[in-house]
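This report is intended to be read alongside the sequence and the three-dimensional structure. Please keep both at hand while going through the sections.

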Amino acid sequence: MRETNILITAASRRVPLIQAFVQALKRLGMRGNVVTTDMSSLSPGLYFGTKHYIVPLTTHKQYIPIIKSICFKDRIHLLIPTIDDELPIFGRHTEEFLAMGTRVVVSSARTGNICNDKYLTARFLSDKEIPFARTWLPSELNFPALEYPLFLKPRAGRGSVGAHPIYNERELRFFLDYVPEPIVQEFLYGKEFTIDLLADFSGKVISVVPRDRMVIRSGVTDRGQTLNHPGMINLAIRAAEALEIRGPANIQAKLDGDRATIFEVNPRFSGGIPLTIAAGADFPAWLIEMRCGRRVRPCIGKFIDGLVMACYEAAIFLPDEAAKEVSWRAVQW
């Protein structure tokens, strides 16, 4: 296959990821387009591919039919979902897309549903004896026996929205009422890491790259550094195999001394993926090669150790027409 067309959904601010796929095609000497979608014409990521479409919310009943129509029209070979809400949805439709010639890079609907529910993730991995932060529903709390600090966050959520450290019972009771559908976790000490992982389409783990989240802004790594830590790498592999991950995942963990404990798993690309790619773990290029039927050999632990990433803001400038077509509601399909 000398041409590979790629569709990246929910482009939003994922400019580095989109650029990484564009650059991967060039490095591989392949022809192909990178098509992007989003529900808003003001999403900057839309404008870094070859072409783009405005689509409805993931929850809209026409979302999958519209994405299928794009795949058919643009002969899409590889589809990359990027947000949590759509992972189980695409997981349910992978065979339908594959019959069209489109490989959706996503884990199963079961895996997506487990990972989107932080309580289920905790129960699932703990039952597999994989180190995970102790996690409770409000109904399971024994207030007199609790040890502070704790950590409270939404059972389903992303980007650190609604996440709060808890230092006493008064704060706990307040945030249990304030945060919708909360869970409570033990407070994990140590450095916070994102562990980027890529598995092939059969579930074989290809690469694992732990990244120290040195500075976090709005839930995304603003400054980070790679760390070749065998313990975290092995922990991530165990979690990925238990969850039957396909494609990319990012595993959130704390490293206290030499002990790593997971507190969240997201079966999709992370916001800090540019650091992993720059360190030599070229997930986009490997996915393209796998889609072309080429064998990508596992290269566990083979990346630049200690590489630092420092992010900065950039802007694009759009003509007036972009503001007039702000959302899918203005688009006729």
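The sections below treat the overall fold, one enclosed helix, a surface patch and the cysteines.

## Overall architecture

The structure is a predicted model. The protein chain contains 11 helices and 15 strands. Its C-alpha atoms occupy a box of roughly 60 × 45 × 40 Å along the principal axes. The radius of gyration is 20 Å, which agrees with the value near 20 Å for a compact globule of 333 residues.

Of the 333 residues in the protein chain, 52% are buried. The accessible surface amounts to about 15,700 Å², and carbon and sulfur atoms contribute 52% of that area. Among contacts in the protein chain with a separation of 6 or more, 67% join residues that lie 24 or more positions apart.

## Helix 5 and its surroundings

Helix 5 spans residues 109–116 and is largely enclosed by the rest of the structure, because 6 of its 8 residues are buried. These buried residues are Ala-109, Thr-111, Gly-112, Ile-114, Cys-115 and Asn-116.

Several elements contribute to this cover. They include helix 3 (87–92) and helix 6 (118–127). Helix 8 (230–243) and strand 14 (259–266) also cover buried residues of helix 5.

## A nonpolar surface patch

On the surface, Leu-42, Ile-316 and Leu-318 form a nonpolar patch. Together, these three residues have about 220 Å² of accessible area.

Leu-42 is located in the loop that runs between strand 2 (34–38) and strand 3 (51–54). The relative accessibility of Leu-42 is 46%, so this residue counts as partly exposed, given that the partly exposed class lies between 20% and 50%.

## Cysteines

The structure holds 0 disulfides. Cys-292, for example, takes part in no disulfide, and the nearest cysteine sulfur, that of Cys-71, is 16 Å away. A disulfide would require the two sulfur atoms to be within 2.5 Å.

Is Cys-292 buried or exposed? Its relative accessible area is 17%, so Cys-292 is buried, the limit for that class being under 20%. Cys-311, by contrast, has a relative accessible area of 33% and is therefore partly exposed. A further cysteine, Cys-115, appears among the buried residues of helix 5.

Methods. Residues are numbered from 1 along each chain as its sequence is written. This is a predicted model: local features need pLDDT of at least 70, side-chain atom pairs count only at pLDDT 80 or more; totals for chains, interfaces and linings use all residues. Side-chain values use heavy atoms; hydrogens and water are left out. Patches are made of residues with over 30% relative accessible area and no salt bridge: like charges are joined within 9 Å, nonpolar side chains (Val, Leu, Ile, Met, Phe, Trp, Tyr) within 5 Å. Accessible areas come from the Shrake-Rupley method with a 1.4 Å probe; for residues, only the protein chains shown count as cover. A salt bridge is a side-chain nitrogen of Lys or Arg within 4 Å of a carboxyl oxygen of Asp or Glu. Helices (H or I, at least four residues) and strands (E, at least two) are DSSP runs, numbered from the N terminus. Buried means under 20% relative accessible area, exposed over 50%, partly exposed in between (1.4 Å probe, protein chains only). Contact means heavy atoms within 4.5 Å. The radius of gyration is taken over C-alpha atoms; the globule rule is 2.2 Å times the number of residues to the power 0.38.
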